[in-house]
Amino acid sequence: MRTHHLLCVCVVAALLAGCTNDRGSPTVAATTGKAPAGTGGSHAGDFGPPQGEPVHAVLTSPPNVPPPTNRKAPAKVIVDLEVIEVDKEIAEGVQYTFWTFGGTVPGSFIRVRQGDTVEFHLKNHPDSKMPHNIDLHGVTGPGGGAASSFTAPGHQTQFTFKALNQGLYVYHCATAPVGMHVANGMYGLILIEPPEGLTPVDHEFYVMQGDFYTVGKYREKGHAVFDMQKAIDENATYVLFNGAESSLTGPKALKASVNQKVRMYVGNGGPNLISNFHVIGEIFDKVQYEGGTHAQENVQTTLIPAGGAATVEFHTEVPGNYVLVDHAIFRAFNKGALAILEVGGDARTDIYSGKQVDETYLSDKVASTEAVSIAAQANAAGTLTKEQQIAAGAALFKGTCSTCHQDAGQGIANVFPPLAKSDFLMADMKRAVGIVLNGLTRPITVNGANYDSIMPPMSQLTDDEIANILTYVANSWGNSGAVVTKKQVTEARATTKRPEGAAH
């Protein structure tokens, strides 16, 4: 009994020591629940006990963001999140098996208040093939919750944490092999609001970049599978916003109006690449870099590390399409890291009066790409028609080829040869396939005029894309109506010798 009594005394003394300052007096946090202002981090905030009835967190799918918490005191917040393994489109005609939090990539957006006590429930759908867990960077404690949330298919786990630090934090799966789970789309964002909340804005959007590693080429049609060696080598097939090339383009584009304030919560799930986040035609009025509380102003491009986040804010003045990119620019135009913010409203010629040429930036996303999917499905089923090839080729031609050869195939005098009624093109379609694949640097004569420009190789295009583009060109603007098949392009590619490491 004496030993037990001494142990109790020691425990009580230790607890009291933790609630006193260096002079032996109780700290402000111990007596009021609020730490002194200005000390920073987890030492500044409203950490009193939860008040009122438990709150069930509102979770949203990207690009949507839950409403502000609008609470004046900490609460007990219950988060219910389910892991689901789903087959979804990663690019037109390309399916991929994503591992997700909530059925989307990125996972559901979570919004709580600093000082909240969060009761986290993680479910793993019975149809899942793998166990999963969750590591939230906003959690203070070993593994960020990972050790407490290892969840087998058909099971549920639960743990609780105190939201000590305000900021914008990544969460991700941390089950081995961790890189594979993250590369398959298992990441998202949790916002821990400051006690006073955030300043009001007109729109909040949830955008998260990720790099994906698949067997085969970029946009190669069919079901793509994960390539571990590519992931280890950090050689991404796709770099995407919100898990798919078309996630934020066309009818899914973000939308705002002029004279509005926009806030974007931008994360980078990685697993490997740093994001160089930029909005073409806008300047960030404010950037809370690395997801923290300090802000930079008047920023053009902000770095977001793998496993990091940033909050960016800007005001819209001029209507038009604003293109979100990773400014490591080949990722935007050749790996998919491109999204659109459509801003509506009246023109502001006092600010901007130039001609808007969307095609330069939007590439083939200017036009509907439904025809591309239809052609891919028909090709897989062996039912592809000439008309379907022409429709798909028209969508792909836009941007990919039209910048130089122009929308009606007329070219640019003395610079780029015409494709319309082209005697050079139609004389040998096999030669045309080779030129698209390998480029052309020698002088040529087209319709009696001489041209000495450069046609860069377009070998990054897939065989069916090249076949469809050439079929469209051969059946447009007075050309004779030839058909180019995927088989012809495949044979031409196979017979082309390239140096090791060159695009194939």
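Here are some friendly questions and answers about the predicted model above.

Me: Before we start, what kind of model is this, and which cut-offs apply?
Reply: Residues are numbered from 1 along each chain as its sequence is written, and side-chain values use heavy atoms, leaving out hydrogens and water. The model is predicted, so totals for chains, interfaces and linings use all residues, while local features need pLDDT of at least 70 and side-chain atom pairs count only at pLDDT 80 or more.

Me: How many helices and strands does the protein have?
Reply: Helices (H or I, at least four residues) and strands (E, at least two) are DSSP runs, numbered from the N terminus. On that basis the secondary structure comes to 13 helices and 23 strands.

Me: What share of the residues is buried?
Reply: Buried means under 20% relative accessible area, exposed over 50%, and partly exposed in between, with a 1.4 Å probe and protein chains only. The protein has 504 residues, and the buried share of them is 48%.

Me: Which strands stand at the edges of the open sheet of five strands?
Reply: Strands count as paired if DSSP finds at least two bridges between them. The order in this sheet is β13-β21-β20-β15-β18, with mixed pairing. One side of each edge strand is left without a neighbour in the sheet, because each has a single partner strand; these two are β13 (254–257) and β18 (301–304).

Me: Which residue in β20 is the bridge partner of F277?
Reply: Strands β15 (residues 275–280) and β20 (residues 320–326) run antiparallel and are joined by four bridges. In β20, the partner of F277 is D326.

Me: Is I304 buried or exposed?
Reply: I304 lies in strand β18. Among the residues it touches are V266, I274, F277 and A310, leaving out those up to four places away in sequence; contact means heavy atoms within 4.5 Å. At 1% relative accessibility, I304 counts as buried.

Me: Which backbone oxygen does the side chain of R263 reach?
Reply: R263 has its place in strand β14 (residues 261–270), and is buried, with a relative accessible area of 2%. Beyond residues up to four places away in sequence, R263 touches several others, including H203, E204 and E313. At 2.7 Å, its side chain reaches the backbone oxygen of T199.

Me: Which strand gives the most to the largest nonpolar core?
Reply: A nonpolar core is a set of buried Ala, Val, Leu, Ile, Met, Phe, Trp, Tyr and Cys residues joined through side-chain atoms within 4.5 Å. The largest one has 55 residues, and I90, L189, M264, F277, L324 and L341 touch the most other members. With five residues, the strand that gives the most to this core is β10 (residues 203–212).

Me: How many residues are in the second, separate core?
Reply: In soluble globular proteins, nonpolar side chains tend to be buried together. The second core includes V372, A395, V433 and I469. Its residues number 27.

Me: How many disulfides does a search of the whole structure find?
Reply: A disulfide is a pair of cysteine sulfur atoms within 2.5 Å. The sulfur of C401 has its closest cysteine sulfur in C404, at 8.8 Å, too far for a bond. C401 counts as buried at 18% relative accessibility, and the number of disulfides found in the whole structure is zero.

Methods:
A polar contact is a pair of N or O atoms within 3.5 Å; within protein, one must be able to donate a hydrogen and the other to accept it, and residues adjacent in sequence count only if both atoms are side-chain atoms.
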